[in-house]
Amino acid sequence: MDYSNIFRLVNLAVGGLMILGGIGQFFPIGFQSVILGCYVIIFGAATLVLEFQIPPAVARWAPFLFSFIGRGIFYIFVGSILLHKPAIWIVAGSIIGIVGVGYVVLEYIPQIEPPQNMRDAGGEWGAEQI
């Protein structure tokens, strides 16, 4: 069974949650909250872009985004950034983190193939192309 559309919808939802969570990070306004908010918005935008096209720089410098375990750990990381008050951001961070844990588990289930956009990394991990 092809799960590509399900993975695409999940990744789009997570990217949208990241952007909304990043916007929420700005309040209350402070230096640290603005910096974290910018990073989370950038991470969310990158997640959304990866569902439609794969920029060569991402394939070269962030190959971890092209495996279940790499993307899962990335989602856990971003979800943990969002875990603070108010409760809406705790819920958003928890959802992103739970999706990340699910992706890490999927790495060890051989019957489920990663979608095409997660297989186009252009090489193996750590494989420097000359």
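I looked up the nonpolar surface patch first: L20, I23, F27 and I29 make it, with about 440 Å². Patch members have over 30% relative accessible area and no salt bridge (a side-chain nitrogen of Lys or Arg within 4 Å of a carboxyl oxygen of Asp or Glu), and nonpolar side chains (Val, Leu, Ile, Met, Phe, Trp, Tyr) are joined within 5 Å. Areas are Shrake-Rupley values with a 1.4 Å probe, and for residues only the protein chains shown count as cover.

The model is predicted: local features need pLDDT of at least 70 and side-chain atom pairs 80 or more, while totals for chains, interfaces and linings use all residues. Residues are numbered from 1 along each chain as its sequence is written, and side-chain values use heavy atoms, leaving out hydrogens and water.

I then placed F27 in the loop between helix 1 (4-25) and helix 2; helices are DSSP runs of H or I, at least four residues, numbered from the N terminus. F27 counts as exposed (over 50%) because its relative accessibility is 53%.

I found C38 in helix 2. C38 is partly exposed (between 20% and 50%), at 35% relative accessible area. I also noted that 17 Å separates the C-alpha atoms of C38 and I96, which are 58 residues apart along the chain.

Last, I checked the lining of the second largest pocket. Helix 2 (31-50) and helix 4 (68-81) each supply at least two of its residues, and helix 2 gives the most, with five.

Conventions. Patch = residues over 30% accessible without salt bridge, like charges linked within 9 Å, V, L, I, M, F, W, Y side chains within 5 Å. Buried < 20%, exposed > 50% of the residue type's maximum accessible area, 1.4 Å probe, protein only.
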